[in-house]
Structure formats: C-alpha cells, structure tokens
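This report describes the fold and some local contacts of one protein chain, for a reader who works with atomic models. The sequence and structure come first, and the description follows.

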Amino acid sequence: MSTTTEHRPHADHDHRHAPGCGHVAVPHEDHVDYVHDSHLHRVHGDHVDECAKSRHEIHEGHDHQHGRDCGHVAVPHGDHVDYIHDGHRHSAHDGHWDDH
C-alpha cells in the first residue's frame, strides 16, 4: 500500500472486485481502485478498503482545468468528482488540484 494511503476497511462488503466484475476499474499508484457507490474500493488481502489519502497532497504546476469536456475520465468520489490524469486522480480543492 502507498505510504500516503489510509487503511480503511469497508465492512460488510460481500462483492469481490476484479477485472470484469461490473465496476469501473481505475489505475491508482501501485493498485487498481473500483468505483462502487460513489467511493473507491481497492482489494486488500481478504477484504476491500475505501481508497483515500491520509494527507492533503497538492498537485503542483497543474494548469489544465478539469471539467465536463476536458477529455479525462470523471469518477464520482463522495461529495465531489475526481478526474483520472497521468495515472492518478485529481480533485478540485480551494483553487488548486489535489492528488487523490
């Protein structure tokens, strides 16, 4: 697991995420997240975790503005939308973009 990713087990999750499981697969750092019920799951041993960074990470020097027609995959994530860009997810935050 990435050193900046929290271990947050998703309790009572019977579904097994894997290629072809029916959920959108999103490459993320050294693993794959699956979009499920407006949050992201990653397979971790015999369970799934909700994939979330443990600290705020600003993506420096990001001039591109993500939005409806920006050309990047939009992923619903909790109360906002992440955009897949260069192998990680970007989220708008206080006038800049965060790495999620």
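Which residue in E6 is the bridge partner of Val75? In this predicted model, the bridge partner of Val75 in E6 is Asp82, and the sections below place that pair within its sheet and then within the chain as a whole.

## Overall composition

The protein contains eight strands and zero helices, so that, by the pattern read along the sequence, one has β-β-β-β-β-β-β-β. Of the 100 residues in the protein, 42% are buried, and the accessible surface comes to about 6,000 Å², with 47% of that surface belonging to carbon and sulfur atoms.

When contacts in the protein are restricted to residues at least 6 apart in sequence, 50% of them join residues that are at least 24 apart.

## The sheet E1-E2-E3-E4

Four strands, in the order E1-E2-E3-E4, form an open sheet with antiparallel pairing. Strand E1 (25-28) and E4 are the edge strands, each of them pairing on one side only, and neighbouring strands of this sheet are turned against each other by 40° on average, direction ignored.

Within this sheet, E1 pairs with strand E2 (residues 31-36) in the antiparallel sense over four bridges. One position in that pairing is given by His28, whose bridge partner in E2 is His31.

## The surroundings of His31

Is His31, a residue of strand E2, buried or exposed? His31 counts as buried because its relative accessibility is 10%, whereas the cut-off for a buried residue is under 20%. The side chain of His31 makes a polar contact of 3.0 Å with the side chain of Asp30, and a polar contact of 3.0 Å also joins the side chains of His31 and Asp33.

Leaving aside neighbours within four places in sequence, His31 is in contact with Val26, Arg42 and Cys51. Val26, treated in the same way, is in contact with His31, Val32, Asp33, Val35, Val75, Ile84 and Arg89.

## The sheet E5-E6-E7-E8

A further open sheet of four strands has the order E5-E6-E7-E8, and its pairing is antiparallel. E5 and strand E8 (96-99) stand at the edges with a single partner strand each, so one side of each of these strands is left without a neighbour in the sheet. Neighbouring strands of this sheet are turned by 40° against each other on average, direction ignored.

E5 and strand E6 (residues 80-85) run antiparallel and are joined by four bridges; in addition to the pair of Val75 and Asp82, Ala74 stands opposite Tyr83 in E6. The hairpin of E5 and E6 has two residues between the strands, and Gly78 takes a positive phi near 65° there. E6 also pairs with strand E7 (residues 88-93), in the antiparallel sense and over four bridges, and the bridge partner of His85 in E7 is His88.

E7 and E8 likewise pair in the antiparallel sense over four bridges, with His93 standing opposite His96 in E8. These two strands form a hairpin with two residues between them, in whose turn Asp94 has a positive phi of about 50°.

## Faces of E5 and the nonpolar core

In a regular strand the side chains alternate between the two faces of the sheet. In E5 the covered face carries Val75 and His77, while the uncovered face carries Ala74 and Pro76.

Which residues make up the largest nonpolar core? This core consists of six residues, namely Val26, Val35, Leu40, Cys51, Val75 and Ile84. Val26 is in contact with three other residues of the set, among them Val75.

## The loop residue His59

His59 lies in the loop between strand E4 (47-50) and strand E5 (74-77). From C-alpha to C-alpha, His59 and His90 are 7.8 Å apart in space, although they are 31 residues apart in sequence.

Apart from its neighbours within four places in sequence, His59 is in contact with His88, His90, Trp97, Asp98 and Asp99.

Notes. Residues numbered from 1 in each chain as written. Predicted model: local features only at pLDDT ≥ 70, side-chain atom pairs only at ≥ 80, totals over all residues. Heavy atoms only, no water. Buried < 20%, exposed > 50% of the residue type's maximum accessible area, 1.4 Å probe, protein only. Contact = heavy atoms within 4.5 Å. Areas by Shrake-Rupley, 256 points an atom, 1.4 Å probe, with all protein chains shown as cover. Pairing = 2+ DSSP bridges. Axes fitted to C-alpha atoms, helices over the stretch in contact; angles between N-to-C directions. Core = buried A, V, L, I, M, F, W, Y, C linked by side-chain atoms within 4.5 Å. Polar contact = N/O pair within 3.5 Å; in protein donor to acceptor, adjacent residues only side chain to side chain.
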